Structure formats: structure tokens, C-alpha cells
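Work through the exercises below with the coordinates open. Try each task before reading its solution.

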Amino acid sequence: MPDALLLIAAVSLPFIGAIIAGLLPTHARNAAAWLAGATTLVGLALVWAAYPTVAAGGVVRHASEWMPTLGLDFSLRMDGFAWLFAGMVSGVGGLVVVYARYYMAAEDPVPRFFAFLLAFMGSMTGMVLSGNLIQLVFFWEMTSLFSFLLIGYWHHTAAARDGARMALTVTATGGLCLFAGVLILGHIVGSYDLDRVLASGDLIRSHPLYLPALVLILLGALTKSAQFPFHFWLPHAMAAPTPVSAYLHSATLVKAGVFLMARLWPVMSGTEEWFWIVGSAGLATLLLGAYIAIFQHDLKGLLAYSTISHLGLITLLLGLNSELAMVAAIFHIINHAAFKASLFMAVGIIDHETGTRDIRRLSGLNRSMPFTARLALVAAAAMAGVPLLNGFLSKEMFFAEALSAQASSALFISVLPFAAMLASAFSVAYSLRFIHGAFFGPDPVGLPHTPHEPPAWMRFPVEILVLACIIIGVLPAAAVGPYLDMAAHSALGATTPEYSLAVWHGFNRPLMMSLTAMAVGFVLYLALQRHLLRGIDGPPVIRGLEGRRMFERTMVFLSWRLARTLEGLFGTRRLQPQLRLVVCVAIVAAALTVYIRVPGPGNLTPSDIDPVLALVWAIGAACALGTAWQAKFHRLAALILLGGTGLVVCVTFVWFSAPDLALTQLLVEVVTTVLLLLGLRWLPKRFDVPGSRASEAITMTRRLRDLAIAVTAGAGMAALAFSVMTRFPPELLAQHFLERAYSEGGGTNVVNVILVDFRGFDTLGEITVLGAVALTVYALLRRFRPAPDSVDIPEQQRDQSAYDIARPDRREGDTVADWLLIPAVLTRLLFPVICVVALFLLLRGHDLPGGGFSAGLTASIAIIIQYMVGGTQWAEARLRISPLRWIGVGLLLATGTGLAAWLFGRPFLTSYFAYADLPIIGEIPTASALIFDIGVFALVVGATVLMLIAIAHQSVRGHRATPRIVGTYPAPAKVPAPVPQQVPAGED
Amino acid sequence: MELILALGIGVLTGSGVWLLLRPRTFQVIIGLSLLSYAVNLFIFSTGGLRTGAAPVLEKGMAGDLALHADPVPQALVLTAIVIGFATTALFLVLLLAARGLTGTDHVDGKEQER
């Protein structure tokens with residue numbers, strides 16, 4: 001099989017399996033188990049298929065482009081070390097699948113379980129096979145996420161939820177640190193490629209950023225591997241179903257941390273910093289975990305702390321900066337996976353068959369489940385390091401390393417052997433407690449279930465693993481020799497030391513230490529009997545030192561107290577202070593920037609003042625001030641003045657050579673005014689009653705303050721604008737576009753060419769926003785409920801109707817219909833004319849002022865004035881507009897033009913132009929940008945009309961006695977009576 | 001000329017900010033409109049003020065900055081004008097909906113306690 005396919009299949013297969021498992025029916029337990037089992041077996045076979053290459057010292061690789069501009073490839077890489085891990089992940093995974101089939105109850109949603117398990121397996125495989133660091137972090141975070149889902153599988157229990165959340169918080173935070181660390185590492189090396197990183201050891205260690213990178217990466221690794229002081233999440237993760245614990249805490253999740261440390265060991269270790277951080281974390285964890293494990297009453301809790309302790313051992317070995325210790329660490333990773341997985345499964349069997357895991361309630365299970373008891377006995381003996389079992393061998397290596405460790409600190413060196421022995425004695429004690437407490441002693445009483453042997457297939461994975469423990473323990477060189485050798489060589493390269501995997505090395509000091517530790521552990525267990533029988537929770541001496549409580553306090557502080565305090569200090573629910581703050585910050589920021597960067601006005605001589613424009617702006621300023629003055633009590637007046645200001649802006653655009661802007665501004669001015677006029681009707685009446693104006697000191701102060709802010713902002717903006725205008729404008733971009741507009745864009749109106757061609761992608765984004773806003777407006781108005789005091793028919797219409805009713809020769813509504821008769825006739829006549837103008841603007845847009853935006857606005861004005869003079873119902877009876885379709889067609893056209901470029905192998909939105917020579921009409925420009933512009937046009941028409949009509953429609957609805965939600969709009973209103981609403985006058 | 005436009009921008013900004021800080025939603029929406037005029041003019045003015053130099057080329061000729069005004073700020077402002085209309089519409093609808101739900105047109109959705 002080609003390498004690439006093999007690696008890709010190994011990583012993607014579990015994910016595919018996960019998706020299929022997730023799609024199975026909720027209770028398809030067997031189907032899901034078969035699926036998961038098959039997936040895992042294929043995965044294992046794939047890993048085996050790579051063995052010949054890897055065993056020969058080769059590396060199986062695959063790389064495909066991911067983000068070539070960043071020099072980042074999606075790269076998979078399997079060397080001996082990664083092979084070992086991949087094998088463990090799929091091998092133990094397969095056993096866990098078999099076990100889980102029998103462990104999980106039929107009423108649990110088992111397919112979901114297997115889906116998570118497979119996805120987790122895929123993430124783990126992806127992580128160990130990652131050929132670049134960014135990708136490794138990505139899969140690393142995925143393992144955090146899926147372990148969260150697995151731990152929280154029984155999410156109806158609070159313990160599972162809390163445990164899962166804690167695990168995620170700790171490991172994902174560590175993952176973020178790791179990400180930062182990896183970025184620094186990539187910066188140091190100049191590449192994220194693992195091969196290049198692994199070849200740059202000296203560069204990394206001598207770099208000034210070595211320490212930050214190291215600390216951040218170790219934060220990731222130590223949190224993941226539950227090292228002190230981050231160990232506390234692991235015991236709480238025991239709320240997971242036991243197969244999950246057996247998988248996550250033996251071979252996979254927690255091993256990810258040590259995997260990473262071992263992976264980067266050749267390039268990051270060998271320094272004092274490494275030794276102190278990794279070594280002391282490992283030592284502390286080793287001792288603390290083993291000590292606490294003795295006093296656990298929950299069998300799973302005992303195993304959890306034992307796991308922490310063993311991971312501490314591996315970490316300590318990695319921290320010793322010695323190649324032999326590294327080999328021992330890899331060896332112990334394998335051994336620990338074997339005996340710990342089997343022990344977790346044995347505990348699961350006990351739990352499953354008796355209904356409890358509490359050592360205080362269990363006893364004498366040796367008689368009711370003898371076979372399981374023997375399996376557990378062997379596995380526990382391996383955990384305690386009894387000779388002829390695998391745990392013994394790696395522990396011997398550890399002792400040998402503890403004796404020969406080299407470090408600058410004499411104290412550490414002299415303490416290390418004793419610490420190692422003490423931890424080993426502790427592990428003997430807790431292993432004894434595990435076996436003795438559960439399987440020996442009198443028959444148990446009052447258990448939830450009567451204990452008996454489990455189904456044979458549930459015991460099968462345990463048997464396999466225990467068999468592995470024994471074979472490795474008796475024949476280490478034959479059983480794991482080649483694999484260990486391969487892993488060590490690929491991790492260490494040429495510096496791999498000589499080591500011996502023999503069972504018997506003679507009566508040497510490590511053996512003495514082992515025997516002493518066993519004796520001490522045995523005595524310790526006997527001595528602690530009375531204390532343990534009392535059944536007190538928690539370990540003596542350090543009971544108060546609970547990681548969970550500190551974690552929870554930190555979380556409460558961060559997410560509640562600190563947040564509340566900050567909100568109280570800086571937050572407000574009132575808008576005005578917020579806006580005031582925003583404006584003030586903007587003023588200060590602008591002032592600071594100007595102060596630092598640009599002192600004073602520029603050196604361009606201002607052009608002469610034209611009295612006409614001065615007059616225009618005098619009017620403009622007056623309009624603006626008037627708007628500000630009148631906006632509270634005279635909204636209509638303010639609106640008219642606002643329009644005046646807009647016209648002045650429009651004139652300014654014309655004056656200063658921006659015909660396109662002037663055109664657009666003028667048209668937008670029209671639609672904005674119509675829009676706001678439509679809104680006026682729904683606002684409360686507000687009368688300026690003389691004498692009622694608040695004249696209290698506090699209001700005056702507030703106004704003066706706001707006035708000061710406004711004047712400052714205005715003056716600042718004026719100064720800023722003046723100093724900008726008296727400098728030479730930057731030319732580069734302008735010249736670029738001016739030169740290429742015709743030769744490359746095929747149009748003479750440069751602004752339009754920029755919009756539809758050079759920056760077409762921006763325009764596409766902008767019209768999308770426009771469409772989205774229009775849809776939002778429409779959606780919001782569907783559930784619009786006017787305030788009660790605005791529901792009534794306006795006074796003017798009431799009078800008109802009363803007038804009609806009072807006269808026998810008139811029907812109700814006649815006056816309203818006559819009201820704007822002559823403008824209505826004129827407008828109807830103008831409709832086709834305006835449409836032609838819109839078309840004209842659209843077609844000439846590429847060469848002369850015009851274009852999709854202005855044409856679209858023009859067309860929408862043509863439509864909206866029909867509504868204004870004829871009324872909504874009159875217009876809709878005659879004019880069938882589906883603004884939603886216009887929006888859709890516009891977007892499709894614009895996007896389609898962009899996509900069409902792909903057909904010709906060009907980048908998105910590449911435009912094409914040519915002049916078609918038609919008979920009679922002559923030469924006409926046919927640029928693909930025109931189609932794009934037609935899309936813009938359609939969208940602008942649709943969006944504008946949709947918004948305006950949606951608001952106008954409220955008047956029709958508003959007359960109904962009970963404001964209710966209208967179903968389909970723009971279907972014609974079904975109620976026959978309502979009077980067509982004129983443009984609402986701003987009567988208040 | 002530059003002075004006139006700068007002063008104009010200043011007045012628009014000042015009026016806009018004043019209205020932005022007022023308590024009624026209608027005042028705020030008008031204030032935002034004024035402010036967007038000011039900002040559009042400001043962005044437009046960064047290209048320099050030129051008369052009789054519209055960025056419309058002769059057919060078949062490459063343009064030159066000596067003859068034509070800077071088209072980049074114009075293109076920016078053109079879409080800004082249209083988007084400005086859209087946001088005004090959105091804000092108007094929001095304020096109408098808020099008024100319908102809360103019964104007041106105060107920006108906080110409730111009258112200020114005095």
C-alpha cells in the first residue's frame with residue numbers, strides 16, 4: 001500500500017467510523033460495537049502494514065499542501081516512536097471496544113459512545129502521526145475536546161459534567177499554552193516541520209526564547225499528563241464510564257503529554273531548566289500520587305492516583321537528561337499501558353457485577369469471581385513491580401537511573417534513590433490494598449448485586465493484557481525488544497545507548513532497592529490497617545491540600561467575582577454613558593495620535609475660497625445645527641433639515657470632481673428621507689409644553705457636558721480634516737488604478753471599475769451585507785407590535801373619513817383617494833421614464849458616472865413613489881414585486897460572475913472584457929463586470945424596496961384592532977376595509 | 001476651500017455627536033446620519049480636493065493623477081453611502097420594535113428615573 005494512503009487511512013478511518021456510528025439508531029449497541037471493532041482492527045492492520053518500513057529504520061511520510069503561503073503542509077509522519085504509540089492507541093482501543101460492548105448497558109445511547117471513542121482514537125492517531133507542530137496542536141486540542149465528551153458521556157450526573165468540564169478547562173488551557181509555545185518554537189527554528197525542528201536541537205537550546213518556549217510547551221504537556229500541580233483533574237475524570245477510563249488513562253490521553261515531552265526530548269532536554277521543571281514535577285507527582293492512592297476507598301480513585309504517580313515516574317525519567325532514562329521511560333509507557341488498562345477493566349467488571357467500587361464494602365470476591373481475581377492479582381503485581389512481570393523491569397531501570405543520575409544539585413541526586421524507593425513502597429502498599437481489599441477477607445455483605453464472573457468476552461481484553469504483562473515480564477527481549485529498540489532509535493537517533501532487557505542482572509543495587517521497597521510497602525500496608533479500616537476520606541497530613549477546591553475557587557473568582565467586580569466598576573446598562581465613553585476615547589485616541597505623529601497643519605497652500613461654496617456650506621452648517629436643535633420636538637423639521645445637509649454634501653461631491661458620489665448621495669438622500677418619514681408615524685407624540693422643560697441644575701450640567709464633548713469632537717475633526725487636506729495625498733494606489741482602469745478593466749469610469757472589477761470582492765461582500773440587512777429588517781418587522789398609542793388611524797385620515805361618511809354622495813376613502821390625485825397621475829406617467837433612466841445609468845456605469853448602485857437606487861425610487869402616491873394596496877394590486885427574488889438573483893449573478901472565472905482557470909472574480917461588434921448597433925462593450933454590476937443593481941433594488949415596503953406595510957397592519965403576527969408578506973392583505981395609508985405626516 | 005470643508009466637517013461632527021448623546025432614539029438615528037456625512041466627507045477629502053478632474057478617462061487612454069482626482073476614496077465612500085442607508089434602516093426598525101416592546105422611545109428602553 002502506498003505510504004500516503006496508509007497514513008491518511010490510519011488517521012481518517014476512525015473519524016469516518018465515528019460519523020457512521022453517530023448516525024446509527026440510539027440503541028444499536030451491537031451494530032455500533034461491530035463497526036467500532038472493525039474500524040479499530042483495520043486501523044491496527046494499517047499500523048502493522050507500516051512495520052517493515054519503520055523497523056528498517058525508515059520513516060513513512062505523506063505531505064500535502066495545506067497553507068502554502070505560510071509554508072505549512074498537512075504532513076503525516078510515522079517513525080518507530082510514532083508507530084509504537086499508534087499501535088498502542090489502536091491495539092488498546094480494540095480491546096476497549098470489545099470490553100465496552102459488554103460493559104455499556106443496553107439503555108445507554110451506545111452508538112454515541114462509540115462515535116466519541118472512535119473520534120478520540122482518530123485524534124490521538126492524528127496527534128502521534130503529525131509531521132508538523134501546528135497540526136500536532138490541532139489534534140491535541142481535538143483529544144481534549146473528545147475526552148471532554150467521553151468523560152461527560154453520562155451527562156445526567158453532576159459528577160460527570162463537573163469532571164468533564166474540569167478536564168477540559170485544565171487540558172485545553174494547557175493546550176493553548178502549548179500552542180503559544182509551539183509558535184515560539186516555530187519562530188526559533190523557522191519552520192513547524194517536525195523533521196526540521198528535530199534537527200535543530202542546538203539552535204533551540206541556545207536561543208534566548210528557549211525558556212519561554214519550554215515553559216509554555218511543558219505547561220501543555222504537564223497539564224495533559226496530570227502532573228503536579230495540575231494532577232487534580234484526573235481523579236474527577238473517573239466519573240466517565242470505565243472503558244473510557246481504561247482507554248484514556250492508560251494508553252492515550254494522559255500519555256499524550258509524555259509523548260510530546262519524549263518527542264521533543266532530543267531537542268529540548270539536556271538543560272538545567274528542563275531538568276528542574278520536568279524532573280521536580282515528575283518527582284513530586286510520583287510521590288504525591290502514590291501516597292494519596294493508598295488512602296483511596298474507591299477502586300477507580302486508587303487507580304487514578306496510581307496513574308498520576310506512574311506518569312510522574314515517566315516524567316521524572318524524561319527529566320533526568322539521560323538517554324538510558326529516556327529508554328526506560330518509553331519502556332514504562334508500554335508497561336503502564338498494559339497493566340493499568342487491565343486493572344481499570346477489572347475494576348469495571350467488579351463494579352458491573354457487584355454494583356459498587358468501594359473497598360470498604362467489597363471483600364472476598366476471590367470466591368465468587370476467581371478468574372477475574374487472578375487476572376487482577378497479576379496486573380496489580382505488575383503495577384507493584386513484582387519480579388517476572390513487566391512493571392518490575394521498567395522499575396529496575398528506573399532505580400538504576402535514580403542511582404546514576406547526573407545533575408548539578410547534589411541534594412537532588414542524594415534524595416532521588418530514597419524518593420524512588422519510597423514511591424515504590426507506596427505503590428506496593430496500594431497494590432496490596434487493591435487486591436486484599438477487594439478479593440480477600442470474608443464474603444461481602446449487602447452488595448447491590450450478587451457477585452459472579454462476567455461474560456467471557458468481557459474478560460477477554462483483560463486476559464490479553466495480563467498475558468502481555470507476563471510475557472514481557474518473562475521474556476522481555478523477545479517480546480518487546482525489537483519494538484522498544486525501534487522506538488528508542490527513532491526518538492534518540494545515533495545517541496541511543498546500550499541497554500539490557502534481561503530479567504536477571506545479578507544481585508545489584510536496583511534489585512536490593514526493589515526488594516527493600518516491597519518489604520517496606522508490605523509493612524506499611526500492615527501498619528496502616530487500623531487507619532484504613534476506619535474509612536476516613538482523604539489521605540492523612542495533606543487532606544486540606546485539595547486541588548479541586550483550589551480549582552473551583554479560581555474558577556469562581558475568575559468567572560463570577562472578578563467578572564462582577566469589573567462589571568460593577570466599568571459596566572453600565574445605560575446607552576448614553578457608553579456612547580459618551582466611546583466618543584471621549586475616540587477624541588483622546590485621535591488627539592494622542594495627532595500629537596505624537598503629525599504636528600500642525602500641512603504645507604500645501606489651501607486653494608482660494610469660492611464664495612459660492614462658502615455660501616452653500618453656510619446653509620449646510622445651519623441645516624446641521626438646526627437638525628441637532630429640532631430633532632427632539634420637531635422631527636419632521638429635523639428630517640427636512642437633514643435632507644438639506646445631505647444636499648449640501650451632494651453639492652460638495654459635485655464640486656470636487658466626484659460625480660458618482662454626488663449621484664449616489666442624492667439618491668440615497670431620497671430613500672433615506674422616505675424611510676425616516678415612514679418611521680415617524682410610529683414614534684410617540686412629544687410636545688414642547690412651555691415651562692415643562694427640565695431646567696434643573698443637573699440637566700443643565702449634563703447638557704453643557706455633552707455640548708463640550710460635541711464641540712471638542714467637532715473642532716478636533718475640523719482640525720484633523722484641515723491638516724489632512726493640506727498635505728499631499730498618497731498617490732501610489734490612485735495612480736495604479738488610474739493607469740490600469742482602461743487597459744485592464746475595460747472601463748473609463750475609474751470609480752466604477754474599482755467597484756466592480758479591481759475591488760469586486762469587497763463589493764460582493766458589501767452587497768451581501770446589504771442583502772442581509774434587508775432580510776433582517778424584513779424579519780424584525782414580521783413580528784412588529786406598535787406601541788398602543790400609535791395604533792390608531794392618524795387624525796388627518798379620521799377627519800377625512802368622517803367627512804366622507806357625513807356626505808351621502810361620497811364613500812369612505814374617496815377623500816384619501818383624491819388627496820394626491822394630480823401628483824399620482826404624474827408619478828404614474830413618470831414610472832417608465834425613471835425605469836429607463838435607471839437602465840441608462842446601469843449600462844453606462846462602466847464608462848460614465850452611474851453603475852449598479854445608483855441605477856438600483858433609482859429603480860427603487862421609481863417603485864417607492866408609486867407606493868407613496870397610490871397607497872400600498874393600489875401599488876401592490878398593479879405592481880408585482882418580489883424583492884426577495886431580486887436580492888437572490890442579484891447575489892447569484894454577482895457570485896456567479898465570480899465563479900465563472902474559475903471555469904477559465906482564473907482566480908475568483910477575474911473579469912473579462914471585449915468589444916462586441918453587432919450589426920446596426922455597432923461596437924458595444926461587453927465586460928463580465930457588467931453582469932456583476934447587474935447583480936449589484938438587482939440586489940440594491942431588492943434590498944431597498946424590501947426595507948421600505950416592509951415599513952410601509954406596517955401602516956396597513958397597524959389599523960387592525962388587535963396587532964397580530966402577519967403570516968405571509970408580500971401577499972396582498974386579506975382584510976378588505978383598510979384605508980390606503982398616505983405617507984405619514986410628522987404630525988407630532 | 002479646504003478650510004470651508006474642514007469647518008463643514010467639524011460642524012457636522014459636532015451636531016452628530018451632540019445628537020448621539022441625546023436620550024431619544026430618533027435623535028440618535030439623526031445624529032448617526034449627520035456623523036456619517038462627516039465621516040464620508042472626511043474620507044473623501046483624504047484624496048485631495050480637485051475641481052474639474054472627475055476620474056473618468058478618455059477612451060483608450062491610461063489615466064494620470066495629474067489630470068484626474070483620486071478614485072480610491074471615492075470608491076470607498078460610494079459603498080459607504082449605500083451601507084449607511086442600510087444601517088439607518090436597520091436602526092430605524094430596531095427603534096420602532098423597541099418602542100413597540102417597551103412603550104418608550106428612550107434609548108435605554110425605559111424612562112430615566114429622576
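## Exercises on a predicted model

Chain A has 41 helices and four strands. The model is predicted.

**Exercise 1. State what share of the residues in chain A is buried, and how its contacts spread along the sequence.**

Step 1. Chain A has 988 residues, and 49% of them are buried.
Step 2. Take the contacts between residues at least 6 apart in sequence; 79% of these join residues at least 24 apart.

**Exercise 2. Describe the side of chain B that touches chain A.**

Step 1. Count the partners. The contact involves 85 residues of chain B and 100 residues of chain A.
Step 2. Find the elements. Helices H1 (2-20), H2 (25-45) and H3 (71-102) of chain B each give two or more residues to this side.
Step 3. Rank them. H3(B) supplies the largest share, 24 residues.
Step 4. Sort by class. This side of chain B has 52 nonpolar, 22 polar and eleven charged residues.

**Exercise 3. Work out how H19(A) and H21(A) are oriented to each other, and which residues meet.**

Step 1. Take the geometry. H19 (residues 370-384) and H21 (residues 410-439) of chain A pack at about 170°, and their axes are 8 Å apart.
Step 2. Apply the cut-off. Angles over 145 degrees count as roughly antiparallel, so H19(A) is roughly antiparallel to H21(A).
Step 3. List the residues. H19(A) brings A:Ala373, A:Ala376, A:Leu377, A:Ala380, A:Ala381, A:Met383 and A:Ala384. They meet A:Ser427, A:Val428, A:Ser431, A:Phe434, A:Ile435 and A:Phe439 of H21(A).
Step 4. Classify them. The contact of H19(A) with H21(A) has eleven nonpolar residues, two polar and no charged.

**Exercise 4. Check the length of H40(A), then locate its bend and its buried residues.**

Step 1. H40(A) covers residues 883-903, which is 21 residues. At 1.5 Å a residue, the expected span is 30 Å.
Step 2. Compare. The end C-alpha atoms of H40(A) are 30 Å apart, so the span agrees.
Step 3. Look for a bend. H40(A) bends by about 25° at A:Thr897.
Step 4. Map burial. A:Pro883, A:Trp886, A:Ile887, A:Gly890, A:Leu891, A:Ala894, A:Thr897 and A:Gly898 are buried in H40(A).
Step 5. Recall the helix repeat. An α-helix has 3.6 residues a turn, so residues three or four places apart point the same way.
Step 6. Look past the end. A:Gly905 follows H40(A) and has a positive phi, near 70°.

**Exercise 5. Is H33(A) largely enclosed or open?**

Step 1. Count. H33 (residues 750-758) of chain A has nine buried residues out of nine.
Step 2. Name them. They are A:Val750, A:Val751, A:Asn752, A:Val753, A:Ile754, A:Leu755, A:Val756, A:Asp757 and A:Phe758.
Step 3. Conclude. H33(A) is therefore largely enclosed by the rest of the structure.

**Exercise 6. Examine the backbone at A:Ala226, A:Pro229 and A:Asn321.**

Step 1. Recall the background. Most residues other than glycine have a negative phi, and most peptide bonds are trans.
Step 2. Start in the loop between H10 (210-224) and H11 (233-236) of chain A, where A:Pro229 lies. A cis peptide bond joins A:Phe228 to A:Pro229, with omega about 0°.
Step 3. A:Ala226 is in the loop between H10 and H11 of chain A. Its phi is positive, about 55°. A:Ala226 counts as buried because it has 30 C-beta neighbours inside 10 Å.
Step 4. Move to A:Asn321, in the loop between H16 (299-319) and H17 (323-354) of chain A. Its phi is positive too, about 60°. A:Asn321 has 19 C-beta neighbours inside 10 Å, so it counts as partly exposed.

Note on methods:
Residues numbered from 1 in each chain as written. Chains lettered and ligands numbered in written order. Predicted model: local features only at pLDDT ≥ 70, side-chain atom pairs only at ≥ 80, totals over all residues. Contact = placed C-beta atoms within 7 Å. Nonpolar A, V, L, I, M, F, W, Y, C, P; charged D, E, K, R; others polar. Axes fitted to C-alpha atoms, helices over the stretch in contact; angles between N-to-C directions. Parallel < 35°, antiparallel > 145°, perpendicular 65-115°, else oblique. Expected span 1.5 Å × (residues − 1). Bend = angle between axes of the 7 residues up to and from the residue. Buried ≥ 20, exposed ≤ 12 C-beta atoms within 10 Å, placed from the backbone.
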